[in-house]
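Here are a few exercises to work through with the model open beside you. Try each task before you read its solution.

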Protein chains: 2
Amino acid sequence: MLYTRSMARDVFSALADPTRRQVLDLLTRRERAAGELGRAFPRISQPGMSRHLRVLREAELVRVRQDRQHRFYSLRSERLAEVDVWISKYRGFWESELDSLEAYLDSTKPARSVKRDEKRK
Amino acid sequence: MLYTRSMARDVFSALADPTRRQVLDLLTRRERAAGELGRAFPRISQPGMSRHLRVLREAELVRVRQDRQHRFYSLRSERLAEVDVWISKYRGFWESELDSLEAYLDSTKPARSVKRDEKRK
DNA sequence: ACAATATATACCAAACTGGTTATACTATCA
DNA sequence: TGATAGTATAACCAGTTTGGTATATATTGT
């Protein structure tokens with residue numbers, strides 16, 4: 001296997017963590033130093049944030065730029081664009097009127113199987 | 001916490017698994033019985049597929065309809081639409097020319113920090 | 001060179017994931 | 001009613017993830 005820049009990481013797995021999604025949200029406004037991102041999440045230790053950033057790096061969702069002793073993280077668009085392409089396959093479903101009708105029927109008269117789900121501890 | 005229909009599950013976590021994403025892909029064409037989905041993945045056991053389907057159900061990415069002894073799964077659009085809304089926040093980034101320029105520079109002259117990533121075992 | 005600041009890694013425990021086999025449930029059929 | 005088909009859950013296990021504390025590395029300032 002050829003690793004060009006760093007160990008590849010699945011984008012969807014990287015996005016599965018809510019903290020990491022919040023980090024990306026912060027980066028939509030501007031680039032931020034690792035420490036600044038860490039301070040935005042007081043419940044997570046500095047090494048904890050550093051590892052989240054590493055996951056985002058390995059998923060190629062962010063890039064890093066070093067400036068003095070700071071490391072500034074910023075968004076990379078490529079992988080997010082891939083996710084956008086992926087989700088676009090499903091766009092037809094919520095745009096179709098048939099689907100809206102189905103959703104409506106689903107909300108008023110749920111399928112019998114739903115009862116099983118509720119019953120489950 | 002109020003659970004309306006079944007235990008809530010994070011959509012992004014549900015999408016993090018490649019098998020589950022393939023299942024959703026199959027469901028874009030038409031609804032399918034659990035067994036049919038299972039047979040589409042010969043390397044996964046029947047209970048294994050059943051659990052994947054449960055995750056998709058709990059994330060409200062699919063609905064189930066019972067017909068005789070079959071359970072037919074089909075796509076639900078609501079959560080996928082939410083993901084689409086989420087990713088749309090980032091659309092500006094890959095549409096901006098500045099970002100393209102940055103991506104180009106990034107690919108020709110990688111940041112120094114990348115060397116660290118490569119060095120890492 | 002030393003101290004301070006900023007960030008990353010090592011290591012460990014707890015929690016989670018995804019897979020398996022065995023078993024249970026449910027509906028249909030004989 | 002018993003057998004069968006379709007599907008779900010239970011119990012278990014190995015590998016991964018996440019979070020913490022302690023430590024290391026790197027850059028800057030004195």
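**Exercise 1. Find which of the 25 residues around DNA strand D come nearest, and say what part of the strand the protein meets.**

Step 1. Start with the neighbours of strand D, where a residue is near if one of its heavy atoms lies within 4 Å of the strand. There are 25 residues around DNA strand D, and A:Arg51, A:His52, B:Gly35, B:Gln46 and B:Tyr73 come nearest. Sugar and phosphate make up 65% of the atoms of DNA strand D that come within 4 Å of the protein.

Step 2. A word on ground rules: this is a predicted model, where local features need pLDDT of at least 70 and side-chain atom pairs count only at pLDDT 80 or more, while totals for chains, interfaces and linings use all residues. Residues are numbered from 1 along each chain as its sequence is written, chains are lettered from A and ligands numbered from 1 in the order in which they are written, and side-chain values use heavy atoms, with hydrogens and water left out.

Step 3. Now look for polar contacts (pairs of N or O atoms within 3.5 Å; within protein, one must be able to donate a hydrogen and the other to accept it, and residues adjacent in sequence count only if both atoms are side-chain atoms). The side chain of A:Arg51 puts an N or O atom 2.7 Å from a base nitrogen of DNA strand D. On the phosphate side, a polar side-chain atom of A:Ser45 sits 2.9 Å from a phosphate oxygen of DNA strand D, and one of B:Arg54 sits 3.5 Å from a phosphate oxygen of that strand.

Step 4. Next, map the surface onto elements, taking helices (H or I, at least four residues) and strands (E, at least two) as DSSP runs numbered from the N terminus. Two or more residues each come from helix H4 (46-58) of chain A, and from helix H3 (34-39), helix H4 (46-58) and strand E3 (70-75) of chain B. H4(B) gives the most, with five residues.

Step 5. Finish with the classes: Ala, Val, Leu, Ile, Met, Phe, Trp, Tyr, Cys and Pro count as nonpolar, Asp, Glu, Lys and Arg as charged, and the others, Gly among them, as polar. The surface near DNA strand D then has six nonpolar, nine polar and 10 charged residues.

**Exercise 2. Do the same for DNA strand C: which residues come nearest?**

Step 1. Of the 24 residues around DNA strand C, the nearest are A:Gly35, A:Tyr73, B:Ser45, B:Arg51 and B:His52. Sugar or phosphate supplies 63% of the DNA strand C atoms within 4 Å of the protein, and bases supply the rest.

Step 2. Check the phosphate oxygens of DNA strand C. A polar side-chain atom lies 2.6 Å from one in the case of B:His52, and 2.8 Å in the case of A:Arg71. For B:Arg20, an N or O atom of the side chain is 3.2 Å from a phosphate oxygen of DNA strand C.

Step 3. Helix H3 (34-39), H4 and strand E3 (70-75) of chain A, together with H4 of chain B, each give two or more residues here. By class, the surface near DNA strand C divides into five nonpolar, nine polar and 10 charged residues.

**Exercise 3. Where is A:Leu37 found, and is it buried or exposed?**

Step 1. A:Leu37 belongs to helix H3 of chain A.

Step 2. Its relative accessible area is 0%, so A:Leu37 is buried (under 20% relative accessible area; exposed is over 50%, partly exposed in between, with a 1.4 Å probe and protein chains only).

Step 3. Leaving aside neighbours within four places in sequence, the contacts (heavy atoms within 4.5 Å) of A:Leu37 include A:Val23, A:Leu26, A:Met49 and A:Tyr73.

**Exercise 4. Which residues of the largest nonpolar core touch the most other members?**

Step 1. A nonpolar core is a set of buried Ala, Val, Leu, Ile, Met, Phe, Trp, Tyr and Cys residues joined through side-chain atoms within 4.5 Å.

Step 2. The largest has 48 residues, and A:Leu24, A:Leu61, B:Leu24 and B:Leu61 touch the most other members.

Step 3. Take B:Leu24: beyond four places in sequence, its contacts include A:Trp86 and A:Tyr90 from chain A, plus B:Leu61 and B:Leu75.

**Exercise 5. What is the phi of A:Glu60, and where does the residue lie?**

Step 1. Phi of A:Glu60 is near 60 degrees, a positive value in a residue other than glycine.

Step 2. A:Glu60 lies in the loop between H4 and strand E2 (62-67) of chain A, and is buried at a relative accessible area of 15%.
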